[in-house]
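Thanks for making the time this morning. I would like to walk you through one model, going from the strands to the rings and then to the charged pairs.

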Amino acid sequence: MNIKRDRMQKVGRRLIIFLGFIFLFVGYLMAYQKGLPLLEQARASTSWPVTTGTVLESDVKAHRSNNSNSSTYSAHVVYRYQVEGKDYQAETVWFGSDISTSDRSLAQNTVKKYPVKQSVTVHYDPQVPAAAVLEPGVFKTTWFYYLFGWVFLGVGILMAGIPLFSSFFRLFMKNGPIETADFAE
């Protein structure tokens, strides 16, 4: 009976460590591959050059998951602008505006602010003119991917770290303390 329990504990510990590494991987992707570049781009956008554009589409999009009766909402704003005679289209109102929420009024307010055919000031990246934004800078939702990524990293550190640390601790206690040379003599 003890052998079966010990084996199940080992399997459980390995599964938790494996899931911890998955959380670490997903957290890293969210925080450092999506979130941090988004924050850097948002900070840089405050000094980008501007041009005039026109809103082509402006509506509220509803998103419903298959297993839920509730919906989330996001503003969908498409605008056209020109840089050095070349036409571009973009959808970024502010960095982080692609986050949908259960509060429909947030999306509605954005759509009201940018009605179709309205002339808008477009801030564009001089290195990559196809990257543009209507409201430059960092907003609360700009932090979403970075902070959510760190939540995943924290859970992953706990899930993988605690079992690994306890295994190393048990190994250390079983073998006794490590002898060190005394160089003071």
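**Strands, rings and charges**

Let me begin with strand 1 and strand 2, the latter covering residues 71–83, which pair in the antiparallel sense over 11 bridges. Please keep in mind throughout that this is a predicted model. The two strands, strand 1 and strand 2, form a hairpin, with 6 residues lying between them, and within that pairing Gly-53 stands opposite Tyr-81 of strand 2. Strand 1, which runs over residues 50–64, also pairs with strand 4, residues 119–124, again in the antiparallel sense, and here the count is 5 bridges. In strand 4, the residue that stands opposite Thr-52 is Thr-121.

While we are on strand 4, I would like to pause at His-123, which is found in that strand. Is His-123 buried or exposed? With a relative accessibility of 15%, His-123 counts as buried, because the cut-off for that class is under 20%. If we leave aside residues up to four places away in sequence, His-123 touches a list of partners that includes Ser-45, Trp-48, Pro-49 and Val-50, and also Ala-131, Ala-132, Val-133, Leu-134 and Pro-136.

Now to the nonpolar cores. Which residues touch the most other members of the largest core? That core has 15 residues, and the two in question are Tyr-79 and Tyr-81. The elements that give two or more residues to this core are strand 2, strand 3 (86–90) and strand 4, and strand 2 gives the most, with 4 residues. There is also a second, separate core of 8 residues, among them Met-30, Leu-38, Phe-95 and Val-133. You may remember Val-133 from the contacts of His-123 a moment ago.

That brings me to the rings, where the structure holds 9 aromatic pairs. One of these is formed by Tyr-79 and Tyr-81, whose centres are 6.1 Å apart with 35° between the planes, so that the pair is classed as tilted, stacked being reserved for planes under 30 degrees apart and edge-to-face for those over 60. Both Tyr-79 and Tyr-81 are buried. Elsewhere, ring pairs link Tyr-28, Tyr-32, Trp-143, Tyr-146 and Trp-150 into a cluster. A charge also sits over a ring in this model, with Lys-34 lying over the face of Tyr-145 at 4.9 Å from the ring centre.

Finally, the charged pairs: how many salt bridges does the structure hold? There are 2. In one, Glu-135 pairs with Lys-113, and the closest N and O atoms are 3.1 Å apart. This pair links distant parts of the chain, 22 residues apart, since Glu-135 is in the loop between strand 5 (132–133) and helix 3 (144–175), while Lys-113 belongs to helix 2, residues 104–113. As for accessibility, Glu-135 is buried at 14% relative accessible area, whereas Lys-113, at 46%, counts as partly exposed.

The other salt bridge joins Lys-61 and Asp-59, with 3.8 Å between the closest N and O atoms, a value to be read against the cut-off of 4 Å. Here Lys-61 is partly exposed, with a relative accessible area of 33%, and Asp-59 is likewise partly exposed, at 29%.

I will stop there and gladly take comments.

How values were computed
Residues numbered from 1 in each chain as written. Predicted model: local features only at pLDDT ≥ 70, side-chain atom pairs only at ≥ 80, totals over all residues. Heavy atoms only, no water. Salt bridge = Lys/Arg side-chain N within 4 Å of Asp/Glu carboxyl O. Buried < 20%, exposed > 50% of the residue type's maximum accessible area, 1.4 Å probe, protein only. Pairing = 2+ DSSP bridges. Phe/Tyr/Trp six-rings, centres within 6.5 Å; stacked < 30°, edge-to-face > 60°. Lys NZ or Arg CZ within 6 Å of the ring centre and 35° of its normal. Core = buried A, V, L, I, M, F, W, Y, C linked by side-chain atoms within 4.5 Å. Contact = heavy atoms within 4.5 Å.
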